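Here are some exercises to work through with the model open beside you. Try each task before reading on to its solution.

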Amino acid sequence: VRTIAILTDFGLQDNFVGVMKGVILNINPKVNLVDISHNIKSQGILEAAILLKGAYRYFPKKTIFLAIVDPGVGSKRHPIIIQSQNYFFVGPDNGILSLAATEDKIKRIILIENKKYFLKNVCDTFHGRDIFAPTAAYLSKGKNLNLFGRKLSSLKKLNIAKPKENRNQLCGEIIYIDKFGNLVTNIEKNLWQKFIKNRYFRIKIQNKTIDSLVKSYEAAGKGRPLAIFGSFGFLEISVNGGSAKRYFGANRGTAIYITR
Amino acid sequence: VRTIAILTDFGLQDNFVGVMKGVILNINPKVNLVDISHNIKSQGILEAAILLKGAYRYFPKKTIFLAIVDPGVGSKRHPIIIQSQNYFFVGPDNGILSLAATEDKIKRIILIENKKYFLKNVCDTFHGRDIFAPTAAYLSKGKNLNLFGRKLSSLKKLNIAKPKENRNQLCGEIIYIDKFGNLVTNIEKNLWQKFIKNRYFRIKIQNKTIDSLVKSYEAAGKGRPLAIFGSFGFLEISVNGGSAKRYFGANRGTAIYITR
Amino acid sequence: VRTIAILTDFGLQDNFVGVMKGVILNINPKVNLVDISHNIKSQGILEAAILLKGAYRYFPKKTIFLAIVDPGVGSKRHPIIIQSQNYFFVGPDNGILSLAATEDKIKRIILIENKKYFLKNVCDTFHGRDIFAPTAAYLSKGKNLNLFGRKLSSLKKLNIAKPKENRNQLCGEIIYIDKFGNLVTNIEKNLWQKFIKNRYFRIKIQNKTIDSLVKSYEAAGKGRPLAIFGSFGFLEISVNGGSAKRYFGANRGTAIYITR
């Protein structure tokens, strides 16, 4: 049984997500459908790309990720399929697929152009329903990628801002804030280890400081801020039993300074 | 494998939807369960009916739609099954099923009255769990409709307000607003084409105007308002990259004037 | 086909729930996944325990309930499996499982300690993904409980506050408020019947009163408050066609006085 995992900014208010699932089950009733999130901020391509990068590797091999945040729907942006080492990705070529697919090593990029696999009467405001969902469904039935269209040689890429190193200071930023108010930074474990080694350090956000790195929330006192390598694989700033977003007054884009 | 697609105003806070799925899987573990929406405004029968009408035709034939917005739960309103040309609908007879089932041509209406297919100890505040979910589950196992109760000859109907035509003016209204702030009107494509033909026109909402109809959001400039036939099949008013709800200060019920 | 029913405070914004489902399907692709709720207030263990107690008995026997509200993640609180008369429960030993499992009669409690059934590289901020989800998945494949770890002899328990009886007054409290604003009290039907028998009574909340118990919302006039035994099995206070939360200005913890 194949899995199709869906990530959109469609919300759960309207019928958009349900309709896409209807389209998929009409083509392949024996597929596992999983929601990654539908509460991406409207048109938040980078946010979706980060969540997809943090999620894909936990799914069964050959899972098809249907990821649609598509402000350019109906314009000339390409609808694409990416085959990576272990997975398939379906969505618009606006960068949403790029972080995850690049990490898993891209093998092939296909332009979706074969109308045989579209719904009849494509509506140019909802390619999720009329193009992407049926494409994912036919893929899940094992159709060969080359049937969907010709190969493309490149991809629109997004980049997560890289932290800047400046003598004894590393300056990163908050790239994502989760439901609990944990602040996910752009500082990866490798970089941290190279920069800090075993030295003392101080982390500063909005003029508040943290000076130890812990392995679990409880290692800090109740209500105390802490730094930890979290489930996204990046350095995260948290508050034990509270919200670091509130504690630091931080937002996406807020700078984080690490001095060694 | 049959599909049961569920639409309610139960929200995702409580355990109501999960419990209904538990009831269904207890009767038929081999069914596909799809959520259409559970975030219908409490007691928003018309809203649910519009979403169901916009969704049903994308699902596999013989899908069972379990649609419950039921302010009269426990009163004398009838619990019903409707068999239409291609689908089955289960829910209260308060109009919620009427737009979709009528469009797909009604073949049979059954009063749900056979307690054999209810949970024991029906609680009169939650027929979704105790009557509708088990009925849908037994239907999905192929039970004959006539086993559930006797035939009814009519149905409570809802109507979407029809636009009014007055010489050179067509006056419609906003019947639904989606997550992106797109304004769905009650003006269907046929009516539009008959009224406008190839003439010039002007659309007016809350004293702001639009004078072209486009085929994709991008055809209007970034941040510009536009008119488009959207995925619901009605004329929609949108803003490219923004929210038409905010732009026009519109709500459900706001009038839209089209002058030719 | 086994069912895994999931209840968390992870929200639907992030990718946490989707990732857990990916982990599960990677181990057992033939399992039914049902969401009970993911919108538990952050760290609301009691709220989750109440929803689980109200839900579990409607699911197929042998359903595995994966319930994770886990402020102590990464600390010394135990990860456990409980086998009860009819079901399995997986989660942290902080009381979240205790109301449901105790009601269904506990047969065995197992400490989850066999790393063979964890993901590699357990991250101490997300045991849901790295420990609990794979444990539930292997359980759903029929693995014997004893493979996961040694037996424990006791469990952390939560208690719902018991109403206090004082001559002719019964004093309870609101323990849960649902999406519709219905106030769920801690007064069970048995207690009510013993206390009231056939006597007259008056219910008082925030200085407003109700003096009849009804069997359906409609039995009270439109907009009128009412008392009813609701779908949770407790006395509930509702308003026909409205919100009792708003009508009474009540919150969780608000007292309810019943005088006979």
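## Exercise 1: a helix in chain B

In α2(B), the buried residues are Ile45(B), Glu47(B), Ala48(B), Ala49(B), Ile50(B), Leu51(B), Leu52(B), Lys53(B), Gly54(B) and Ala55(B). Bear in mind throughout that this is a predicted model.

Task: work out how many of the eleven residues of helix α2 of chain B are buried, and what follows for the helix.

Solution. Start with the span: helix α2 of chain B covers residues 45-55. The cut-off for calling a residue buried is a relative accessible area under 20%. Ten of the eleven residues are buried, so helix α2 of chain B is largely enclosed by the rest of the structure.

## Exercise 2: a glycine in a strand

Task: find the element that holds Gly91(B), decide whether Gly91(B) is buried or exposed, and list what it touches beyond its sequence neighbours.

Solution. First, place the residue: Gly91(B) belongs to strand β5 of chain B, residues 88-92. Next, check its accessibility: the relative accessible area is 0%, so Gly91(B) is buried. Then look around it, setting aside residues up to four places away in sequence: Gly91(B) touches Ala67(B), His78(B), Pro79(B), Ile80(B), Leu97(B) and Phe132(B). Finally, a distance to try in your viewer: from C-alpha to C-alpha, Gly91(B) and Leu145(B) lie 14 Å apart, with a sequence separation of 54 residues.

## Exercise 3: a serine in a loop

Task: locate Ser243(C) and describe its surroundings.

Solution. Ser243(C) sits in the loop that runs between β14 (234-239) and α6 (244-248) of chain C. With a relative accessible area of 13%, Ser243(C) is buried. Its side chain reaches the backbone nitrogen of Lys245(C) at 3.3 Å. Once neighbours within four places in sequence are left aside, Ser243(C) is in contact with Phe180(C) and Gly181(C).

## Exercise 4: where chain A meets chain C

Task: describe the contact between chain A and chain C by its residues, its buried area and its polar contacts.

Solution. Begin with the residues taking part: 33 from chain A and 31 from chain C. The two chains bury about 2500 Å² between them, with 56% of it on carbon and sulfur atoms. On the chain A side, Tyr58(A), Lys179(A) and Phe180(A) lose the most area to chain C, together 26% of what that side buries.

Now count the interactions. There are zero salt bridges between chain A and chain C, whereas 14 residue pairs are in polar contact, both residues being at pLDDT 80 or more.

Last, see which elements contribute. On the side of chain A that touches chain C, two or more residues each come from β2 (31-37), α2 (45-55), β9 (169-177) and β14 (225-229) of chain A. Of these, β2(A) gives the most, with five residues. That side divides into 16 nonpolar, eleven polar and six charged residues.

## Exercise 5: relating the copies

Task: state what rotation and shift superpose chain B on chain C, and why the copies meet through different surfaces.

Solution. A rotation of 120° with 0.0 Å of shift along its axis lays chain B on chain C, at an RMSD of 0.0 Å. That is the relation of a three-fold axis. Chain A goes onto chain C by a turn of 120° and a shift of 0.0 Å along the axis, with an RMSD of 0.0 Å.

For the surfaces, only 3% of the interface residues of chain B are also interface residues in chain C, so the copies meet through different surfaces.

How values were computed:
Residues are numbered from 1 along each chain as its sequence is written. Chains are lettered from A and ligands numbered from 1 in the order in which they are written. This is a predicted model: local features need pLDDT of at least 70, side-chain atom pairs count only at pLDDT 80 or more; totals for chains, interfaces and linings use all residues. Side-chain values use heavy atoms; hydrogens and water are left out. Copies are superposed by least squares on the C-alpha atoms of residues with pLDDT of at least 70 in both. Contact means heavy atoms within 4.5 Å. Buried area is the accessible area (1.4 Å probe) that two parts lose on being put together, summed over both. A salt bridge is a side-chain nitrogen of Lys or Arg within 4 Å of a carboxyl oxygen of Asp or Glu. A polar contact is a pair of N or O atoms within 3.5 Å; within protein, one must be able to donate a hydrogen and the other to accept it, and residues adjacent in sequence count only if both atoms are side-chain atoms. Helices (H or I, at least four residues) and strands (E, at least two) are DSSP runs, numbered from the N terminus. Ala, Val, Leu, Ile, Met, Phe, Trp, Tyr, Cys and Pro count as nonpolar, Asp, Glu, Lys and Arg as charged, and the others, Gly among them, as polar. Buried means under 20% relative accessible area, exposed over 50%, partly exposed in between (1.4 Å probe, protein chains only).
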